[in-house]
Amino acid sequence: MVDAADSAHMARALQLAARGRYGAHPNPMVGCVIVRDGVVVGEGWHEKAGEAHAEINALRIAGNAARGATVYVSLEPCAHHGKTPPCADALAEAGVGRVVAAMEDPFANVAGRGLQRLREAGITVEVGLMQGAAESLNAGFISRVQRGRPRVRLKVAASLDGATAMNSGESQWITGSAARQDVHRLRASSGAVMTGIGTVLADDPSLNVRDVETPGRQPLRVVIDSRLRMSPEARMLELSGETLVCCTPGQDGTRLEQAGAQVQEFGAHGDGVNVFEVLAALAEREINDVLVEAGPRLAGYLVEKELVDELVIYIAPHIMGSETRGMFDTPHWLTLADRKVVDVIDLRRVGDDMRITARFGY
């Protein structure tokens, strides 16, 4: 039976879990709070993949005070040997009396086994407190293990009248510095950043994380380039981190590979790359979240194919006029019935710009 104190401690566990946003990937973000006789005796979160999990960090702080205590954890404790030993065993060995987990781990190697192991050790187990918040925190991880593809976020920067560039291709900078800094936080929390060859040819972007501390990690840069038009001198190939260039079969990627890129062939979809296959391949690489920063063609394709889970639009307070490019190219949408409905879940000011976060209703 949970009460207000349980909710407060779980909220703290979720808050701690979010601290792993830039380092836990590809693992889920997990936070843990250990409470004995109403007093918090240990806290921890999963800081970096390959290092101690949240429960272990909290147990180290709690020490002997963990015996008989209640443990609040944002995700079911693991029951398998990965890069670290099972957390369920560590909790049992510490003699905790009760474990409250926000949600069951959807990963096949856990999936209830951790909770069962705790019950077999005589520990009281309760599951489901603040489950919605826990699922939202690890939406990308859940998408990868349940759907076989990462969560896809599409970021767009536009003027008040919906323009993303002049017809000449000029687009730097539509939004202000605060919004651009915010985008770097989105990149830092993603396993991959995807763009199309049109954006690469027009802007020569870096697509790396700057001014945000990421524990020794840069997101994978993914370029959709069906005919391998990308230059071996592209800026991103000179930077730390990996770049994956996705093309259709039969292309010669030798020059790009010599420049440091990874070139991978995928099936064709129309005159382009089958992005469904690309997302499946990224899931196999243990990518949880993909941030798409692309022009209207790739952006429109992803929306049209219902591959975008979340839309993040930065709106700048200026008007760019009629000789411009829009947010999405959707040549098959001819009537109002073709439109996609979105649910705006967040609206806030970022510097001088507005940020709209929305989810699709499909």
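Contact here means heavy atoms within 4.5 Å. By that rule, and leaving aside neighbours within four places in sequence, Arg 221 is in contact with residues including Val 193, Asn 208, Ser 240 and Glu 242. The model is predicted. This briefing covers charged residues, two helices and the cysteines.

**Arg 221: a buried charge**

- Arg 221 sits in strand E9, which spans residues 220–224.
- Arg 221 is buried, yet it has no salt bridge.
- How far away is the nearest side chain of opposite charge? That side chain belongs to Glu 242, and it is 8.8 Å away.
- A salt bridge needs a side-chain nitrogen of Lys or Arg within 4 Å of a carboxyl oxygen of Asp or Glu, so 8.8 Å does not qualify.
- The side chain of Arg 221 does reach a backbone oxygen, that of Ser 240, at 3.1 Å.
- Further contacts of Arg 221 include Ser 206, Leu 207, Met 236, Leu 239, Gly 241, Thr 243 and Leu 244.

**Arg 187: a buried charge with a partner**

- Arg 187 lies in helix H7.
- Arg 187 counts as buried because its relative accessibility is 8%, and the cut-off for buried is under 20%.
- Which residue meets Arg 187 in a salt bridge? The partner is Glu 293, with N and O 2.7 Å apart.
- The two residues come from distant parts of the chain: Arg 187 is in helix H7, Glu 293 is in strand E14, and 106 residues separate them.
- Both Arg 187 and Glu 293 are buried.
- The side chain of Arg 187 also has a polar atom 2.7 Å from the backbone oxygen of Asn 208.
- Leaving aside neighbours within four places in sequence, Arg 187 is in contact with Val 193, Leu 207, Asn 208, Val 209, Arg 210, Pro 219, Leu 291 and Glu 293.

**Other salt bridges**

- How many salt bridges does a search of the whole structure find? It finds 16.
- One of them pairs Arg 117 with Asp 89, at 3.1 Å from N to O.
- This pair links distant parts of the chain: Arg 117 is in helix H4 (residues 113–120), Asp 89 is in helix H3 (residues 87–94), and they are 28 residues apart.
- Arg 117 counts as partly exposed, at 30% relative accessibility.
- Asp 89 is partly exposed too, with a relative accessible area of 24%.
- Arg 153 forms a salt bridge with Glu 310, and their closest N and O atoms are 2.8 Å apart.
- That pair also links distant parts of the chain: Arg 153 is in strand E6, Glu 310 is in strand E15, and the two are 157 residues apart.
- Are these two residues buried or exposed? Arg 153 counts as buried at 13% relative accessibility, and Glu 310 is buried at 6%.

**Helix H7**

- Helix H7 runs over residues 177–188 and has 12 residues.
- From first C-alpha to last, H7 reaches 17 Å, close to the 16 Å expected at 1.5 Å a residue.
- Which residues of H7 are buried? They are Ala 179, Asp 182, Val 183, His 184, Leu 186, Arg 187 and Ala 188.
- An α-helix has 3.6 residues a turn, so residues three or four places apart point the same way.
- The buried residues of H7 pack against strands E6 (151–159), E8 (192–196), E14 (289–293), E15 (310–316), E17 (342–350) and E18 (353–360).

**Helix H11**

- Helix H11 covers residues 296–304, and 8 of its 9 residues are buried, so H11 is largely enclosed by the rest of the structure.
- The buried ones are Pro 296, Leu 298, Ala 299, Gly 300, Tyr 301, Leu 302, Val 303 and Glu 304.
- Just after H11, Glu 306 takes a positive phi of about 60°.

**Cysteines**

- A disulfide is a covalent bond between the sulfur atoms of two cysteines.
- How many disulfides does the structure hold? It holds 0.
- Cys 32 is in no disulfide, and the nearest cysteine sulfur, that of Cys 87, is 8.5 Å away.
- Cys 247 is in no disulfide either, and the nearest cysteine sulfur, that of Cys 246, is 7.8 Å away.
- A disulfide needs the two sulfur atoms within 2.5 Å, so neither distance qualifies.
- Cys 32 counts as buried at 0% relative accessibility.
- Cys 247 is buried, with a relative accessible area of 0%.

Conventions:
Residues are numbered from 1 along each chain as its sequence is written. This is a predicted model: local features need pLDDT of at least 70, side-chain atom pairs count only at pLDDT 80 or more; totals for chains, interfaces and linings use all residues. Side-chain values use heavy atoms; hydrogens and water are left out. Buried means under 20% relative accessible area, exposed over 50%, partly exposed in between (1.4 Å probe, protein chains only). Helices (H or I, at least four residues) and strands (E, at least two) are DSSP runs, numbered from the N terminus. The expected span of a helix is 1.5 Å times one less than its number of residues. Lys and Arg count as positive and Asp and Glu as negative; His and the chain ends are not counted. A polar contact is a pair of N or O atoms within 3.5 Å; within protein, one must be able to donate a hydrogen and the other to accept it, and residues adjacent in sequence count only if both atoms are side-chain atoms.
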